[in-house]
Amino acid sequence: MGEGDVSSTDSAAVMIQKRQRGIQTRKALMSIQESCKVPGVKTRDCAWVLLSTAINDRCPVKFFPCTNSDDCVAALQEAKNTRRPVAIQFSCADSHEFAGEGLENDQFQAAQLGAVSGAFLVRHLAPAYGATVLLHVNCQEADLPWLWGLLELDGCYYAERGEPMFSSFSVQIPSWKIHEYRTFFEKIKARGTPLHVSLVDEADPSVLQPLSDRLLAPTAYAPVETVAKVAVFSAKSYDVDWLRNANKVQGRPAKLFFHDLMLSEKTVHLAAGCFAVCTFVNDDVNATVVKALKKKGVKLVALRCAGFNNVDLDQVRDSGLKVCRVPAYSPDAVSEHAVALMLSLNRKIPQAWKKTQSGNFTLEGQLGFDMVGKRVGIVGTGKIGSIAARILKRGFGCEVVGYDKFKNPYIMNEEPEGLGIPYVELDELFATCDIISLHAPLLPATKHMINAEAINNMKKGVIIVNTSRGGLIDTRALLEGLKSHRVSAAGLDVYEDEGDYFFEDCSQEMIDDDILARLLTFPNVTLTAHQAFFTKEALNEISNTTLRNIAGVYEKGTAPKQFGKLDTEVELPQKRGASKSAKKASALKTALKKDPANIIEVDEANVGFVRQVSPGTDKKKAFVKAQTGIVSPLRVAVFSCKPYDRDSLVSMDRSLSTGIEFVCHDVQLSAETASLAQGCYAVCVFVNDDVDEACVEALSGLGVKLIALRCAGFNNVHLEKAEELGIGVCRVPAYSPYAVAEHAITLMTSLNRRIPQAWAKTRSGNFSLDGQLGFDMTGKKVGVIGTGKIGQIAATILKRGYECDVIAYDVFKSPVIEEMGIKYVELDEIFRTSDVITIHAPLMPATHHMVNRAAIEKMKPGVLIINTSRGGLIDTKALLWGLKQKIVGGAGLDVFEEEADYFFNDLSNEFVDNDDFARLLALPNVIITAHQAFFTKEALKEIAKTTLNNIVGFYNDGVSPKQQPGGPTGPCLETMVKPQK
């Protein structure tokens, strides 16, 4: 053999030595290489497999000789710039500089210390550069004393850390001395470190073959592993952090090697020498990959998810591998995300966020609908589907129907044992539902279940939500459905061809997938890049269950059950000819067993109207007046009137035949604009009209008799002056408490799951999950401040739907709240203990700035604050301080204390001159919607109806009629407003 020929445990040594030494005798080398292979030998940092790819130039490894720290930094910078692994080579002659002074007389000791110092430096710096670095030791025969001492130091490191310090060794010796270094080779091989032996003289391969067999026999030199080595694929920074922490907590049951790459036929070599591969949803564990895994000694495919449609189970069975998964990392996370998507789509939160950030505070294009009473179809009623069904039925009061081949008793059993939700055929679900939410597994039978035919059969304006698997929807058909307006909106956490994009930042690249690119152009499509699972609770459970699965299979041959009852091992299919259906049916039925939960019924009362007639009034005459209109012309000046206000009032006027003449003004009512009410019987005003003392006097001088508010609040009206001048004031006390309460929950869930940011990121081509981590709502402590009708509904959704730990504060206690088992506490306790605080109190002197700096200082770090009531309840400067201090984790605001100058106007071509407001708009963890909580179809209809009845009633009888939410049996709400005595 020629000088420098290599004997190795793999073919990587050929390329390494060939590139460095110019070796030509390949035939002899390969003979020795094959004879020296040790099955099962593990490698550190996948050094061997990375180096082995160099032989075919698929992943060339660049070598850097290391003489000083500058060399190390240069190598790390190269790795960072090229995104490829580099090898730093230590040799006796080049390692002196790291040693420092005082060891000049001992050449070998100085070089040993220098190499170790360099290795520690590289290991310390590599994470900061995001670099994959191999530490390679190269030794000539004359320097073997140096290498021997280095090996002892490496042994100490191995004993402490459970892994060798250096990635690989290469030694050049004469072939006739190979017996003398047997012990040396044995020590290196016992640690599982790749060893490259170069023979510096010619030799006959037929002579070396038996010699190598005796020297490196597998039984004598295969390392004894005490923990499982695991190659973790598709590993992002959050995967690394959570898995490492769980590994530490569990006593390091596995040795983890992280790879940002997805597992595929091109990357399977990275699993060489590992007991298990740990994969995620888009890793491609096909038949070819499974076969390659078997050849590389892998015994287990450990999924960090529940689904396993990306694994070829038939090939796994034939190859003798096992597959385990995490069946229930957090079903709450996924189901809550599905509801968050449908809420944000309905109330158009991403668009509102984008508009307000640009200075457009109008409500055009933002109209939604009340969730209460809407028909929602749940396709797939396993654990995730059943939680979504619970939130929607018990919490929001939706009419829920389900579809599943395997009926879940918890879904169909009557309350309180179950949810009392009927199962229907899929065709009926498609044809009748306002919202469809998919929670089915991806199987051949369910692929493209949402196709062109299905969409054509759907109710016009349907919203489709998919947090399960992308392949359930034919995306081309969905695009056509969106373009035809059959589908009004789509919330997608998955996409059928997501593998090349999701979890990656592709914002600097072109999206090759035309279908995905087209999907992202629709404003009514919210795409979140497979983040439904992405909560702190879910990552914790995924990490712990995955490591328990690996340790269980490694130590006992079987993975433990999750929570003591859920199977984590995936049942492999029977060989062809055996009955599969019975086993599949049995497994699915077992998975569908649920423990019934306690249920309290949700009051689904509709908001109604009842007319109250003044004493002594001819009831028949009053009825005729109310039904046929009034005899004399009635003119009403409508201020702050937007197109949707005019349309809803005119439509309701036609429906009620009131005969009112509306004089619409886009400007706000104030003392300066009051003259526009000349000749009108009443003025109709909204939240930001300034009906102060001067304005009321001006209206009185014009002959105005009534101030009709199109809202519930009346803090913008000077009630004392109105009473003094004999002007009536009426309001709409309950136009849609559901709309406002649902909007509060929408802000809460959108803020928690960062829906607007995800919407914007995916549109820019960034499909990574960095910055998107949320938390499970279930079990969180939520403080509800103000328990009137809106607060009661919000508390119901949170308590009965999301199963939060709800506490409340109000001066006046509500029996509805107490009947739900919600405890009233002092305001300080709300501030100190709540994870989320939602405000539904009226604005009065006693409540002005109730959330101030003193209150925020008491709050839990990371608290979310939601305000859909009145802006003055929060001290904006204090809120900004809390956000900067990271006490407040996020704020969802539908109101602002100085909103009158901005809200309902498009100021996108002007600058916001309020510094605090401008600062709030720029913060990434603040969502501002411009007073749109009330803005639903149902609310506009009820506002128009009650306002017109108030005006007609006051005109006829001198008093506006009472409003009766809940129909004839519900409580009556006073619409007339009087000053407090």
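Where does aspartate 497 lie? I looked this up before anything else. Aspartate 497 sits in a loop, with strand 16 (487-492) on one side and helix 20 (514-519) on the other. A note to self: this is a predicted model.

**Entry: the acidic patch**

I then checked what goes with aspartate 497. It belongs to a negative surface patch, together with Asp500, Asp505, Glu509, Asp512, Asp514 and Asp770. I also wanted its exposure. Its relative accessibility is 44%, so I have it down as partly exposed.

**Entry: serine 234**

Next up was serine 234, and I asked myself whether it is buried or exposed. Serine 234 has a relative accessible area of 11%, and buried means under 20%, so it counts as buried. I found it in the loop that runs between strand 7 (228-232) and helix 10 (237-249). Its side chain makes a polar contact with the side chain of aspartate 283, at 2.8 Å.

**Entry: backbone oddities**

I went through the backbone with one reminder in mind: most residues other than glycine have a negative phi, and most peptide bonds are trans. I wrote down three spots.

- Glutamate 415 and proline 416 are joined by a cis peptide bond, with omega at about 5°. I placed proline 416 in the loop between helix 16 (409-412) and helix 17 (426-432).
- Serine 640 is not a glycine, yet its phi is positive, near 50°. I traced serine 640 to the loop between strand 19 (634-638) and helix 24 (643-656). With a relative accessible area of 12%, serine 640 is buried.
- Lysine 886 also has a positive phi, about 65°, without being a glycine. I see lysine 886 in the loop between helix 33 (876-884) and strand 29 (888-893). How much of lysine 886 is accessible? Its relative accessible area is 64%, and the cut-off for exposed is over 50%, so lysine 886 is exposed.

I put the last two next to each other in my notes: serine 640 is buried, whereas lysine 886 is exposed.

**Entry: glutamine 140**

Last, I looked up glutamine 140. It is part of strand 4, which covers residues 133-140. At 38% relative accessibility, I count glutamine 140 as partly exposed. How far apart are glutamine 140 and serine 91 in space? C-alpha to C-alpha I get 8.6 Å, while 49 residues separate the two in sequence.

Key
Residues are numbered from 1 along each chain as its sequence is written. This is a predicted model: local features need pLDDT of at least 70, side-chain atom pairs count only at pLDDT 80 or more; totals for chains, interfaces and linings use all residues. Side-chain values use heavy atoms; hydrogens and water are left out. Patches are made of residues with over 30% relative accessible area and no salt bridge: like charges are joined within 9 Å, nonpolar side chains (Val, Leu, Ile, Met, Phe, Trp, Tyr) within 5 Å. Accessible areas come from the Shrake-Rupley method with a 1.4 Å probe; for residues, only the protein chains shown count as cover. A salt bridge is a side-chain nitrogen of Lys or Arg within 4 Å of a carboxyl oxygen of Asp or Glu. Lys and Arg count as positive and Asp and Glu as negative; His and the chain ends are not counted. The place of a charge is taken as NZ of Lys, CZ of Arg, CG of Asp or CD of Glu. Helices (H or I, at least four residues) and strands (E, at least two) are DSSP runs, numbered from the N terminus. Buried means under 20% relative accessible area, exposed over 50%, partly exposed in between (1.4 Å probe, protein chains only). A polar contact is a pair of N or O atoms within 3.5 Å; within protein, one must be able to donate a hydrogen and the other to accept it, and residues adjacent in sequence count only if both atoms are side-chain atoms.
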